[in-house]
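Reader: I would like a close look at one part of this model, the largest pocket, and at what surrounds it. Please keep it brisk.

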Amino acid sequence: MLKVDKLSKTFDRGRLPALDDVSFAVDRGNICGLLGHNGAGKSTALGIILGMVYPDLGEVSIDGVVVQQNREKAISKVGAIFETPSFYEYLSGWHNLKIFSAYSGGVTEKLMRETVAWVGLEERIGDRVSKYSHGMRQRLALAQALLPRPELLILDEPTDGLDPEGIVEFREQLFELRDRLGLTVLLSSHLLGEVEQVCDEVVILQAGRKVYSGAVREVETEMVRFRIEAEKPSGLEKLVIEEGGSAEGESRFLFPPGRKADELLAALVSGDVGLRHFSQEEDSLESLYLRFSQSKQKEDI
């Protein structure tokens with residue numbers, strides 16, 4: 001559904017590129033998370049996908065239509081919440097939706113009411129937007145993005161500012177909309193736990209470069225990870241190295257595949273390092289992200 005092909009973009013000469021040869025694809029019906037720290041290139045990538053920023057090299061195609069060659073046709077299949085949504089504060093949510101949907105040719109009142117119901121704004125859609133909470137504004141922005149019916153939904157930090165209850169509600173809405181409408185979703189977020197629960201696949205950007213792409217639920221490494229704490233940290237690290245392991249971060253250590261937890265525990269206990277905590281950890285999106293962040297920091301030193 002979405003194909004990003006070798007995108008590169010530099011805004012100022014002499015500075016590092018905002019994007020450097022970035023490629024990835026999102027299959028129809030999937031939810032893909034776009035991850036990266038501030039300045040990693042997420043907003044630039046979304047801007048190019050939406051045709052708001054022109055790349056120096058590369059192109060984006062949406063359902064086979066190249067955005068840089070036929071933006072109007074390509075974007076006609078897209079709904080988006082990009083950066084901070086803006087509304088006419090003195091108008092009702094309903095009136096705002098009528099105005100914004102008219103920009104793309106207008107939609108039927110029946111579809112508008114269905115969409116308002118999908119995002120849970122039925123009871124407050126007639127109120128002025130100035131009276132809306134942050135969560136209600138996010139719901140209204142989602143309704144706007146769903147009018148007219150898109151095939152690709154792009155969401156830039158959609159849960160930013162929401163309380164935990166609002167985040168859970170948004171997650172449920174996203175699954176329902178994907179299943180009901182067959183939407184393909186590209187979701188930019190800094191909330192790793194949320195991406196892990198919502199997304200089928202993930203793309204990680206670091207300093208404008210793609211460092212990982214793959215299925216979220218297949219995130220795994222060739223190493224075994226343990227969390228270990230001891231009263232003698234220097235002695236612990238030395239013992240870990242002797243046992244064939246390496247430090248990944250504070251209290252976290254990696255060992256080659258096949259390393260048995262009971263044998264390692266016995267070695268640590270006999271090593272007299274004052275063992276305080278020992279547990280084996282499953283790999284996660286967070287650990288994957290941190291590993292790439294740390295490797296990038298080492299490259300920059």
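Author: The largest pocket of this predicted model has a volume of about 800 Å³. Its lining is made of 27 residues. Nearest the centre lie Ile75, Val78, Gly79, Ala80 and Gln144. Sort the lining by class and you get 15 nonpolar, seven polar and five charged residues.

Which elements supply the lining? At least two residues each come from α2 (71-75), β6 (78-81), α3 (93-102) and α5. Strand β6 gives the largest share, with four residues.

Now take helix α5, one of those suppliers. Helix α5 covers residues 134-145. Check its length first. The helix has 12 residues, and at 1.5 Å a residue they should span 16 Å. The C-alpha atoms at its ends are 17 Å apart, so the two values agree.

Next, look at which α5 residues are buried. They are Met136, Gln138, Leu140, Ala141, Leu142, Ala143 and Ala145. What covers them? The cover includes β6 and α3, which also help to line the largest pocket. It also includes α4 (109-118), β7 (152-156) and α6 (164-181).

Helix α5 also matters to the count of the largest nonpolar core. That core has 42 residues, and Leu142, Leu153, Leu155 and Leu174 touch the most other members. Helix α5 gives the most to this core, namely six residues. A second core is separate from it and holds 29 residues. Leu2, Val22, Ile48 and Val78 are among them. Val78 is a name to remember, as it is also listed near the centre of the largest pocket.

Stay with Leu142 for a moment. Set aside residues up to four places away in sequence. What does Leu142 then touch? Its contacts are Ile81, Val119, Leu153, Leu155, Phe170, Gln173 and Leu177. Leu153 and Leu155 are on that list, and both also rank with Leu142 among the core members that touch the most others.

Move on to the loop between β6 and α3. Leu91 is in this loop, and so is Ser92. Are they buried or exposed? The cut-off for buried is under 20% relative accessible area. Leu91 has 15%, so it is buried. Ser92 has 17%, so it counts as buried too.

What do these two loop residues touch? Leave out neighbours within four places in sequence, and Leu91 is in contact with Asn96, Ile99, Asp127, Arg128 and Val129. On the same terms, Ser92 touches Ile125, Gly126, Asp127, Arg128 and Val129. Asp127, Arg128 and Val129 appear on both lists. Take Leu91 and Val129 as a pair. They are 38 residues apart in sequence. In space, their C-alpha atoms are 6.2 Å apart.

That pair leads to the chain as a whole. Consider the contacts with a separation of 6 or more. Residues 24 or more positions apart account for 67% of them. The chain has 301 residues, and 45% of them count as buried. Its secondary structure comes to 10 helices and 14 strands. Along the principal axes, the C-alpha atoms fill a box of roughly 75 × 45 × 30 Å.

There is another pocket to set beside the one you asked about. The second largest pocket has a volume of about 280 Å³. It is lined by 17 residues. Closest to its centre are Arg15, Leu16, Pro17, Ala18 and Gly39. By class, this lining divides into six nonpolar, eight polar and three charged residues.

Last, two residues with an unusual sign to note in the backbone angles. Lys6 is not a glycine, although its phi is positive, about 55°. Lys6 is found in strand β1, residues 2-9. Its relative accessible area is 52%, over the 50% cut-off, so Lys6 is exposed. Asp21 also has a positive phi, near 55°, and is a residue other than glycine. Asp21 is found in strand β2, residues 19-26. With a relative accessible area of 47%, Asp21 is partly exposed.

Methods
Residues are numbered from 1 along each chain as its sequence is written. This is a predicted model: local features need pLDDT of at least 70, side-chain atom pairs count only at pLDDT 80 or more; totals for chains, interfaces and linings use all residues. Side-chain values use heavy atoms; hydrogens and water are left out. A nonpolar core is a set of buried Ala, Val, Leu, Ile, Met, Phe, Trp, Tyr and Cys residues joined through side-chain atoms within 4.5 Å. Buried means under 20% relative accessible area, exposed over 50%, partly exposed in between (1.4 Å probe, protein chains only). Contact means heavy atoms within 4.5 Å. On a 1 Å grid over the protein atoms alone, a cavity is a set of points where a 1.4 Å probe fits but cannot get out, and a pocket is an open set with protein on both sides within 12 Å along at least five of seven lines; lining residues have an atom within 4 Å of a point. Grid points are joined across faces, edges and corners, and a volume is the space filled by probe spheres set on the points. Ala, Val, Leu, Ile, Met, Phe, Trp, Tyr, Cys and Pro count as nonpolar, Asp, Glu, Lys and Arg as charged, and the others, Gly among them, as polar. The expected span of a helix is 1.5 Å times one less than its number of residues.
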